[in-house]
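Colleague: Mind walking me through this one? I'd like to start with the strands and then get to the core.

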Amino acid sequence: MLVALLVAVPILVVFGFVFVPAGDIWSHLASTVLPVYLLNTLILFAGVSVLVVFIGVGTAWLVTMCEFPGRRLFSWAMFLPLAMPAYIIAYTYTGMFDFAGPVQTFLRDLFDWTRQDYWFPPVRSVGGAVLMLGLVLYPYVYLVSRAAFLEQSICVLEVGRTLGRGPWGIFFHIALPLARPAIVTGLALALMETLSDFGTVQYFAVDTFTTGIFRIWLGMGEPAAAAQLAAMLMGFVFLLVIVERLNRGARKYHHTTGRYQGIRRFPLSGLRAGGAFLACLLPVFLGFLLPSGWLLHESLRHPEAVLNLEFPALAFSSISVAMVASLLTLVIAMGLVYGMRGGVSGRKNPVRTAAVRVSAMGYAIPGPVLAVGVMIPFGFLDNSVDAFMRSTFGISTGLLLSGTLVALIFAYMVRFLAVALNTVEASVGKITPNMDRAARTMGVTGLKAVIRVHIPIISGSMMTALLLVFVDVMKELPATLIMRPFGFETLAVRAYELASDERLSEAAGPSLAIVAAGIIPVIILSRAIARSRPGQDGGAEG
Amino acid sequence: MSKLVLSHIRHRNNKNFSVEIDRLEVGAGRIVCLLGPSGCGKSTTLRIAAGLEQPDAGEVWIKDEKMAGPDIFVGAEDRQVGLVFQDYALFPHLSVFDNIAFGLLGQSGPEKAEVVARILEQVGLTGSAEKYPHMLSGGEQQRVALARALAPNPRLLLMDEPFSGLDVVLRNKVRDETLAFLKETGTTVMLVTHDPEEAMRMADEIVLMRNGRVEQQGTPAELYSQPKNEFVAAFLGEVNRVEGMLTDTTLETELGVLDKPAEDGRTGAVNVLIRPEAIRLQRFAGERHPEGHREGRVVGSRNLGPFCLIDLELPSGRRVTARAASILQPQDGEVCSIHLDQRQVFAFD
């Protein structure tokens, strides 16, 4: 309970600030940058939404319901771009397609063009940001809509066929409407990530709410206004979810059947199979293969940039911070889950449950916003301690926690607690009260029960939670950027800095390491999904 | 005239299990039940008829139009068949009205409204048009599924275990109502079930399947009293299995000697299947019975309401089960004489 509240502090601080008057900064903002922020953010939202839904739902349907060469491979390969942080893909594409990049240089050489002779779509633009974010975020929508399509009773689709609808009719009139809640969930996740994204838009010099938060807080020293901007941002996403809920009305989307049959896929051949293949290949290629290939190429081209003394040090600091943060997060998540359960085997307590829910909201709060939320109470604490020490002992302690690794790791914990919590909770949920009761009748209770009964059951999920948080921390950029102690660098920070300085090929090494780490959860995820879905690849007899 | 004809169907699905049907016909307005244990291929047969599955070989005809053959395959969406699943597979995101109107393609709004209103009245659900499936009871959902399948006026109605989702009490009621409705509308039906009682209750004709093949096809009475083999006899009702010996004129078993039908030319050892109701018991009143009579000792009996099941131990130690009206339930340990009813005794090689 206490722990939950502690973790919830930054979140509450952010929301608390919404009600703090921020003075005339608003009128200033409204007259200057706000319209631009608003416009860019809206364009980004709209563009990313269209792109992720189109790619995510389309490929999920192809992979789930159609049979074509490479389908099995794609069913998990579609996840790969998830391993690619948006800021990395952003400067990778810049490196490849900007004026000085190989593609344009090649075109110029080929046709003897000069700068004025041709038009090339600018990478560093709102459109470019939409494309970058869309390419790495579509797996969220893919993930949930594939799950939704797999869960759909095949009977419902077959009834649709006997009622005279072809494959397209079934898709648009049955499968798509049924998958809608799932798609909206995936879209909300993708949009949250869009909000959190700082690296891409900053690098592309596209002014959005997120970069605005940075500037207002760090540049203008107005945390309240920054928090208010952040809250507005979150409002967008919640609005989307609420509108969808209202639109459902009395409809329900849970399946009216509990019967699973093997999915009879539509066999595609010839041109259609080729089309499906390309449709799946393109996002994977653009979102993962091409950029990681380029990173690899660049790293190999400049091995000295990768193998200098700096790299092992960076990797060490990234990995050690990520390890500490993920271990602590796991411990806290376990504590919260058992706290919610009311000890090892007790009743649920609604107050505790609510506290845990609030503490898990950190995941929905963009990194920079969270940084604001963590820094403010830590600063307050430090100042209080300092003041107290000075008045009692005459010693100035200075800033004890702010700007230290403690603050940074705490921020990671707040941000990624939900990841660990959901994973552990789902697994602990499988331990039924009757199992505890059975253990009790055999004299195994309390901690003994946890060790002998619970841990063996949930150890796999604990491992998964640990890894997921580990990788998320490795990838995290904006909060690290704001909160890191002076001189402390991680792979993500270094990659970002090098890229910002246009030293793109030197940034390739650290980026590649992050991407490689990012593949781990992708594999875990796709394996877990393959295991847990009924009727995925079975036969057809019912 | 037959509405549905399957001929020389050969189909292997991905479970390495094949369906072979030489000929299966469903006459207009008749209800044919595909009956068999799970995994016997009855659902696959239904799916072939629906056009959800393309047979490897053979032909499917619906109302004198070829639907599947070596050179043609008409998919489910163009066959004009209705389909009702075990779990109804109602569209949860559509109201009852929209569920039923789903298959009414190419009709105007008022036309749809008229059709839906009419069929809702027929199935007794007027007033539920705006509800969503989750607001309906199991029986009502079943009726919506039926209405949805019948609304486009299909040439054939296919039902896959349509009543097994209902609890026992509701099942009989819904089944009788559905049967009356189907007969009233003259609908041609092919229905899949694993429940022999359901098949006998519903069907004009039963097709009993096992391992992808048709074991026997006929009226419920034919299958029950003239089973072609042990499987059919045992599937349609309980049986006692004993050894028997066929002579030129008689069938000898431990429970008695029966006259052999004149047309039966077999002799030698046979397996004999005796239905419990074929074992008639008579209490000993002390007097001697005629030569050749058999007797058994009651070792237990259970009263099941209208009738009782009696476990008998024969002198050889073999146990058999007999069925009798409840008022005739004997005491444990009583010794009864046995009389066999020839009509429910089947001898197989």
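Colleague: How many bridges pair β16(B) with strand β20 of chain B?

Modeller: Quick caveat: this is a predicted model, where local features need pLDDT of at least 70, side-chain atom pairs count only at pLDDT 80 or more, and totals for chains, interfaces and linings use all residues. Residues are numbered from 1 along each chain as its sequence is written, while chains are lettered from A and ligands numbered from 1 in the order in which they are written. β20 covers residues 335-340, and β16(B) runs antiparallel to it; pairing takes at least two DSSP bridges, strands being DSSP E runs of at least two residues and helices H or I runs of at least four, numbered from the N terminus. Here the number of bridges is five.

Colleague: Which residue of β20(B) stands opposite B:L281?

Modeller: Both strands belong to an open, antiparallel sheet of five, ordered β16-β20-β17-β18-β19 in chain B. At its edges, β16 (279-283) and β19 (319-325) of chain B each pair on one side only. Opposite B:L281 in β20(B) you'll find B:I338.

Colleague: Chain B has another open sheet, β14-β13-β12-β15-β21. Why do β14 and β21 each have one side without a neighbour?

Modeller: That sheet has five strands with antiparallel pairing. β14 (256-259) and β21 (345-348) of chain B each have a single partner strand, so one side of each is left free because both stand at the edges.

Colleague: And which residue is the bridge partner of B:T253 in β14(B)?

Modeller: Strand β13 of chain B, residues 250-253, is joined to β14(B) by four bridges, and the two run antiparallel. For B:T253, the partner is B:G256.

Colleague: On to the core: which helix gives the most to the largest one?

Modeller: A nonpolar core is a set of buried Ala, Val, Leu, Ile, Met, Phe, Trp, Tyr and Cys residues joined through C-beta atoms within 7 Å. The largest has 241 residues, with A:A333, A:A411, B:C33 and B:M190 making the most contacts inside it. The top contributor, with 17 residues, spans 126-151 of chain A: helix α7.

Colleague: Is A:G270 buried or exposed?

Modeller: A:G270 sits in helix α13 (residues 270-301) of chain A. Counting other C-beta atoms, placed from the backbone, within 10 Å, 20 or more means buried, 12 or fewer exposed, and in between partly exposed. A:G270 has 7 such neighbours, so the label is exposed.
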